[in-house]
Amino acid sequence: MHIADSRLLLVGLAAIVFSGGAFAGTAAVVRSGLPGERSALVTAVRECIKAAGYETKEIGLEELCDPSKLKPVLFDLLVLPDSSVLPSAAAETIVGYLKGGGDIIALNTPMWRRALIRANGRWLTRDEYEREMAAVPPDHIVFDFASTGITGWYRSSSDMDVKTTWSVEDAGPGVGQCSLHVSIPKLSGWDTLHHDAGPTPFPKNHSLTVLTAKGGPNTTQLSIEWTEKDGSRWIAVIPLTTEWRQYVLTPKDFRFWASVPNRGYPGDCFKPENAAKLAVGLAFTHTASVGHGPHEYWVGPVGTASMKPEYQEFFGTIDTPKLDTLSPSYKLFDCRDVGSLSVRDDQVIVDQLNLPMPAAVRSVHPRPTVNGFDKGRDWRWIPIVEARSAKGEWRGVPVAVTVHSDGAYKGSIWASFGIPDLNWYMSPPVLRLIEQIAKRMRNPLFLVDGGANYYTYFKDQQLVLGATVANLSLGSLQMQLRFRCSGDGGLEVIKKQVITEAAPGNTRIVCCETNLPAAQNRCYVTCELLQGGKVVDRAAHQIFIWQPKKEKHFVTIANGEFYLKGKRWRPHGVNYMPSSGIGTEDGPYFEYWLDRRSYDPEVIQRDLEHIKDMGFNSVSIFIYSHSTEAQNLLDILRRLDDLGLKANLSLRPGTPMDFRWPEIKKIIEYYRLWENDTVFAYDLAWEPMFGSHEDRKIWDRDWEAWVIERYGSIENAEKDWGFPIPR
C-alpha cells in the first residue's frame with residue numbers, strides 16, 4: 001500500500017513496527033546473540049525510518065509469525081534489522097505480506113540463514129537447540145554405554161591393520177551419562193563400529209533417531225547407519241563440532257546404500273519398524289569432508305523419539321521462501337577482493353555517500369536494469385551500491401531495490417542489503433542510505449523500462465523511444481516523461497517530452513518513432529520521469545548502428561584447419577550465458593536470454609570483457625527463433641567483434657534429426673548473417689540426442705534403405721553383425 005499516511009513495520013532480533021496511532025503499542029522485544037549490539041542497531045534503524053516520514057511501532061517475533069498482525073492494510077513497510085535470524089514460522093506470513101503488496105527493507109540478507117523455532121519458552125536456532133538438548137536423553141534409549149560398556153560392538157574397516165581403539169568413558173553429555181569414544185589413527189577408506197539393536201529398537205509411534213555426539217578438531221562429520229532386517233542399509237551424515245550436540249534424524253535423512261535388490265526405489269525410505277543393527281563411523285564415501293586422519297569422536301546415548309512440535313518446525317526450515325535478492329542463500333554471493341563501496345550515479349534514489357568498508361561484502365546476483373524500452377518485464381531491478389576492487393573492477397551489488405510492477409508480488413518493493421557486518425549499519429552514511437531508500441518507497445511512481453527499443457540497430461531501421469511506468473497507488477497520477485538523444489560530441493539530436501497521467505498498474509508510452517540520427521554510429525539515450533518538475537527516476541543507455549564491414553575477414557577452412565586472415569586459427573572459448581541468469585527459478589528468463597526480458601548490455605559487456613581477459617578468442621552462444629525480433633543477437637555480435645572475439649552460433653529450435661529450416665532461415669535472414677564475419681560456425685545440435693526407440697521410429701525406413709544399399713539385404717547385415725535387427 002502506498003498512501004500519504006504511511007505506516008511501517010520493523011522487525012528483527014528486536015522486532016519494530018511502524019504504524020499510525022490506531023495501531024499504537026509495543027510488543028515484546030525478542031533478542032538473540034549479542035543483545036546490546038542489536039538493541040542499538042534496532043534503535044538507530046528505527047530513527048532513520050522515522051526520518052523518512054514513517055510512524056513507528058515495535059513488535060515481537062511472535063507477531064511477525066501472525067498473519068492477522070502483519071498485512072499491508074496495516075503496515076506499508078517491513079524492516080528487518082537482521083534478516084539472517086528469523087523464525088521459520090514467519091516465512092508464510094512474510095510471503096503473504098509481500099504478495100499483498102507490502103514493502104520490505106532487509107538488512108544482512110540472505111534471510112533465514114539462522115532459522116528460529118519456539119522451544120522451551122524461547123526463540124532458538126537449531127544450533128542453539130541442539131546444544132541445549134545435548135544433556136537431555138532420548139525418550140527411548142537403545143544404547144546408553146553405561147550399562148553395556150563396549151560389549152557387542154565390533155569393527156569394520158577398509159584397513160583392519162590400523163589400530164583403531166574404542167572405549168566407554170564416564171564423561172558424557174549430561175550428568176551421570178557415559179559415551180563411546182573412538183580413536184582412528186589413520187583413515188584410508190572406512191572405519192565403522194556396529195552393534196545389533198535388538199528386536200524392536202523403535203517403539204510404536206517412534207520414527208526419529210535421536211543421539212548426542214561430538215568430534216575432535218579434525219573430525220567434522222559422522223555417519224549413522226541403520227541396517228534393516230532384510231539387509232538393506234540406510235546411512236545419514238551429521239555435522240560434528242567439538243561440543244556435545246543432540247541430533248534428531250527422520251527416516252528420510254537416511255539414504256539408501258546399494259545393498260539388497262528391490263530396495264532404494266523412488267519413494268522408498270528407511271523403515272524404523274524393521275531396524276535391526278546400528279553402525280557409526282567415518283567413510284570417504286559419506287563423510288566426505290574428513291581427511292585421512294587422525295580422527296576421534298564421541299557418541300552419547302542413542303535412542304528414539306516420536307515427532308514433537310519443535311521437531312516439526314526444525315524439519316520445516318529446510319525450504320526457505322524463494323524471493324529474488326532476499327532468500328534463500330543462493331540468491332546472493334560472497335564478494336572477494338573488494339576495495340571500495342560506492343553509490344551508483346545512474347540512479348536518483350540515493351545521494352552520493354562516502355560509505356565505510358565493512359569486514360565482508362555479499363552481493364545479490366545482477367539482473368537487467370531499467371535501460372531500454374519495451375522489455376516486457378513485470379519488475380524493475382535497481383542497483384544502488386556497487387562493490388569494486390582497488391583497481392576498479394566490478395565485484396558485486398551489495399545493496400539493490402526491486403520494484404514489482406506486476407506478477408505475484410505486484411505493488412511490493414524490496415530492498416536487500418547484503419552486508420553481514422551489523423556494525424556497518426550503525427555508521428551515519430549507511431543510516432542515511434537506509435533513510436533515503438525508505439523515503440523513495442513512499443512514492444508509487446517508477447520506471448519499469450525506458451529509452452530506445454533496441455541497443456544496436458541496422459542503419460535502415462526506425463528509432464522508437466518510449467517508457468513503461470509503474471503506478472503502485474490506487475489512483476491516477478500526473479507525470480512527465482522527457483527523452484533526449486545525443487551524439488558522441490554531446491550534441492542533442494532528439495528531444496521529446498510527454499505530459500500525461502499514469503493509471504494504476506503499468507502504463508506503456510511510445511514517445512516517438514523517428515529516423516536514426518544521421519552521421520552517428522553511437523548515441524546516448526536518456527529517459528527521465530518527472531513529478532512536479534522534479535526528476536524522480538531515470539534510465540540512460542547507449543545505442544549503436546551496425547553496418548557490414550567494407551572488408552570482411554571470415555574464418556575459413558582449409559586442410560582440416562580453421563584459418564583467419566591467412567593464418568591458422570584455433571577457437572579457444574566457452575559456452576556463454578549471462579551472469580544475470582544465475583540463481584533464478586524463472587526457466588524462460590534463464591533459457592531465452594536473448595529475449596527482450598532477459599538481455600542487459602551492461603551485464604553482457606562485463607561478462608565478455610572477463611572472457612577476453614582470460615585469454616579466450618571465441619564463445620558459443622545460442623538463439624531461439626522466437627527471440628529474433630528482440631534484436632539482441634545483433635548487439636552481442638557487435639560487442640564480440642569490438643573485443644576481437646568470434647561466435648559459434650547455435651540456431652534453435654531443431655537438430656539435424658528435426659531440422660526446422662523455416663525457423664533457422666528466419667534468424668539468418670533477419671540478422672543478415674552472411675554479412676557478419678563475427679560468426680565462424682553455425683551449431684545445429686548443441687547437445688545432440690537421438691531420443692528413445694519410439695522417437696527414432698520415424699527414421700526406420702531411411703535406416704532400412706541404407707542397410708540394404710550397404711549390405712544387399714537385411715539378412716546379410718544380420719549375418720555380418722552377428723545379431724538380429726529389430727523388425
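Biologist: What makes S15 and S16 a hairpin, and which residue in the turn has a positive phi?

Modeller: This is a predicted model. In it, S15 and S16 form a hairpin with four residues between them. Gly-231, in the turn, has a positive phi of about 90 degrees. Strand S15 covers residues 221-228 and strand S16 residues 233-239.

Biologist: How do you know that S15 and S16 pair, and in which sense?

Modeller: Two strands count as paired if there are at least two bridges between them. S15 and S16 have seven bridges, in the antiparallel sense, so the pairing criterion of at least two bridges is met. One of the contacts puts Gln-221 against its bridge partner in S16, Pro-239.

Biologist: What joins S16 to strand S18?

Modeller: Three bridges join S16 to S18 (residues 255-257), and the two run antiparallel. Arg-233 stands opposite Trp-257 in S18. With at least two bridges required, S16 and S18 therefore count as paired.

Biologist: Why are S38 and S41 called edge strands?

Modeller: Four strands form an open sheet in the order S38-S39-S40-S41, with parallel pairing. Strand S38 (573-575) and strand S41 (679-683) each have a single partner strand, so one side of each is left without a neighbour in the sheet. On average, neighbouring strands of this sheet are turned by 25 degrees against each other, direction ignored.

Biologist: How do you know that S38 belongs with S39?

Modeller: S38 is joined to strand S39 (residues 618-624) by three bridges, and the two run parallel. Asn-575 stands opposite Ser-620 in S39. The pairing needs at least two bridges, so S38 and S39 qualify.

Biologist: Which helix lies across S39, S40 and S41, and at what angle to S39 does it run?

Modeller: Helix H9 (residues 632-642) lies across S39, strand S40 (646-652) and S41, and runs at about 175 degrees to S39. Angles are taken between N-to-C directions on a scale from 0 to 180 degrees, so a value of about 175 degrees means that H9 and S39 point in nearly opposite directions.

Biologist: What makes a space in this model a cavity, and how many of 30 Å³ or more are found?

Modeller: A cavity is a set of points where a 1.4 Å probe fits but cannot get out. The search of the whole structure finds six of 30 Å³ or more. About 110 Å³ of space lies in the largest cavity, and about 50 Å³ in the second largest.

Biologist: Which residues and elements line the largest cavity?

Modeller: The lining has 13 residues, of which Asp-346, Thr-369, Val-370, Asn-371 and Arg-380 lie nearest the centre. Strand S24 (379-388) and strand S34 (534-546) are the elements that give two or more residues. S24 provides the largest share, four residues. The lining divides into six nonpolar, three polar and four charged residues.

Biologist: What lines the second largest cavity?

Modeller: Its lining residues include Arg-344, Trp-381, Trp-394, Asp-600, Glu-602 and Arg-606. S24, strand S25 (394-404) and helix H8 (601-613) each give two or more residues, and H8 gives the largest share, three. By class there are five nonpolar, one polar and six charged residues.

Biologist: Why is the contact between Lys-50 and Glu-47 called a salt bridge?

Modeller: The closest N and O atoms of Lys-50 and Glu-47 are 3.8 Å apart. The cut-off is within 4 Å, so the pair counts as a salt bridge. Lys-50 and Glu-47 are three residues apart in helix H1 (residues 35-51), and are therefore separated by about one helical turn. The structure holds 51 salt bridges.

Definitions and conventions: Residues are numbered from 1 along each chain as its sequence is written. This is a predicted model: local features need pLDDT of at least 70, side-chain atom pairs count only at pLDDT 80 or more; totals for chains, interfaces and linings use all residues. Side-chain values use heavy atoms; hydrogens and water are left out. On a 1 Å grid over the protein atoms alone, a cavity is a set of points where a 1.4 Å probe fits but cannot get out, and a pocket is an open set with protein on both sides within 12 Å along at least five of seven lines; lining residues have an atom within 4 Å of a point. Grid points are joined across faces, edges and corners, and a volume is the space filled by probe spheres set on the points. Ala, Val, Leu, Ile, Met, Phe, Trp, Tyr, Cys and Pro count as nonpolar, Asp, Glu, Lys and Arg as charged, and the others, Gly among them, as polar. Contact means heavy atoms within 4.5 Å. A salt bridge is a side-chain nitrogen of Lys or Arg within 4 Å of a carboxyl oxygen of Asp or Glu.
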